[in-house]
Amino acid sequence: ETALTTLVISCPCALVISIPLSFFGGIGGASSRGILIKGSNYLENLSKAKYVVCDKTGTLTKGVFEVTDVITANGFTKEDIIKSAAYAESYSSHPISKSIREAYGMEVETGQVTDIEEISGHGVKADIGGKEVLAGNLKLMNKYNIDSSAGKDSIENALGTLVYVAIGGIYAGCIVISDVIKPTSQQAIAALKKAGVKKVIMLTGDAKKVAELVAGKLGVDEVKSELLPADKVIEVEKLLNSKGKDEMLAFVGDGINDAPVLSRADIGIAMGALGSDAAIEAADVVLMDDNPAKIALAMRISRKCLRIVYENIVFALAVKAICLILGALGIANMWVAIFADVGVMVLAVLNAIRCLRIKNN
């Protein structure tokens, strides 16, 4: 009888059932709030996140751009600049490209556009009606040795993303495009710090002045500007090498250029609505409504889930240890053994169900 009692008590049902169920509950609870977590290991990593690195455009800002100014140079008109940029960007799905086409306001005759070349982290080169048009950042102008010094004073005072345009090898001017900060971004940064995140870093390809203005409004700890997609990977690598052994780094992004960084970070978090397919595929966590405030919520869900897992482990092992001692002394009978097995399992499962319930704030 003692042997049978010991055998029943030592049955690991409570642990085998309640621990996976706790993780499933955490994943289910997160998905019901628009947070798709692709596995229990990512749920566990989220609870240890101490560094959160965010892309700016489409992540902390809406990614909805509008042309706010056009700075002309070398005798070109605003209409020339907008038209040339709209034609050059006619095949791009980037939000900035869409805003330029909207500012042009007329149908683009795509038959005039040939030899389009997208240069990653720089911009676009195209042949429009026999003239070479360049539209992109300052690095693109420097790459093709275009003198963009004309109108420099006006450009320095412009607040927004700058798209430099060159027509036929001559600098034509600059288009100023402004983005809108998401209403929940500032709240999201504050919630992350409250959740125990040591540092929130913003990475962007925008000019330093624009990046620092946005960073100041949001309250991020650090900002890195004028970055190419490859530079973002380098910055994340630096942070990964400097963080503690048990600390995790999360990267939040939405664009196709963010896919390499999402894969490299300990936890990749993508925006599900505005985000590109490549970013969603590479990410470990997807925010279905693009709300950055959900990052802190996901961390709270993961921590609650892990806490419940540990509660179940300690409770099950403690009850079984006590019952095993009582069984060895001949005090515990088969009814006690059944409680130590089935009863503890039921209680652990009921505790695991708590993972489904967590407040949004």
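I looked up Ser 178 first and asked: is it buried or exposed? Ser 178 counts as buried, because its relative accessibility is 19% and the cut-off for buried is under 20%. I note that this is a predicted model.

Next I checked where Ser 178 sits. Ser 178 lies in strand S8, which covers residues 170-178. I then looked at Val 64. Ser 178 and Val 64 are 114 residues apart in sequence, yet their C-alpha atoms are 8.4 Å apart in space. I also found a polar contact of 3.4 Å between the side chains of Ser 178 and Thr 68.

I moved on to the sheet. I read an open sheet of 6 strands, with antiparallel pairing and the order S3-S8-S7-S6-S5-S4. Why do S3 and S4 stand at the edges? Strand S3 (66-72) and strand S4 (113-119) each have a single partner strand, so one side of each has no neighbour in the sheet. From one strand to the next, the twist averages 20°.

I followed S4 to its partner. S4 pairs with strand S5 (residues 123-128) in the antiparallel sense, over 5 bridges. Glu 118 has Val 124 in S5 as its bridge partner. Helix H4 (residues 78-88) packs on the sheet, and its direction makes about 125° with that of S3.

Last, I turned to the nonpolar cores. The largest has 41 residues, and Ile 35 is among the six that touch the most other members. Helix H13 (residues 294-328) gives the largest share of this core, 10 residues. A second, separate core has 24 residues, including Tyr 104 and Ile 175. I listed some contacts of Ile 35, including Ala 30, Val 285 and Leu 297.

How values were computed
Residues are numbered from 1 along each chain as its sequence is written. This is a predicted model: local features need pLDDT of at least 70, side-chain atom pairs count only at pLDDT 80 or more; totals for chains, interfaces and linings use all residues. Side-chain values use heavy atoms; hydrogens and water are left out. Helices (H or I, at least four residues) and strands (E, at least two) are DSSP runs, numbered from the N terminus. Buried means under 20% relative accessible area, exposed over 50%, partly exposed in between (1.4 Å probe, protein chains only). A polar contact is a pair of N or O atoms within 3.5 Å; within protein, one must be able to donate a hydrogen and the other to accept it, and residues adjacent in sequence count only if both atoms are side-chain atoms. A nonpolar core is a set of buried Ala, Val, Leu, Ile, Met, Phe, Trp, Tyr and Cys residues joined through side-chain atoms within 4.5 Å. Contact means heavy atoms within 4.5 Å. Two strands pair if DSSP finds at least two bridges between them. Axes are lines fitted to C-alpha atoms, for helices over the stretch in contact, and angles run from 0 to 180 degrees between N-to-C directions. Lists of a residue's contacts leave out its neighbours within four places in sequence.
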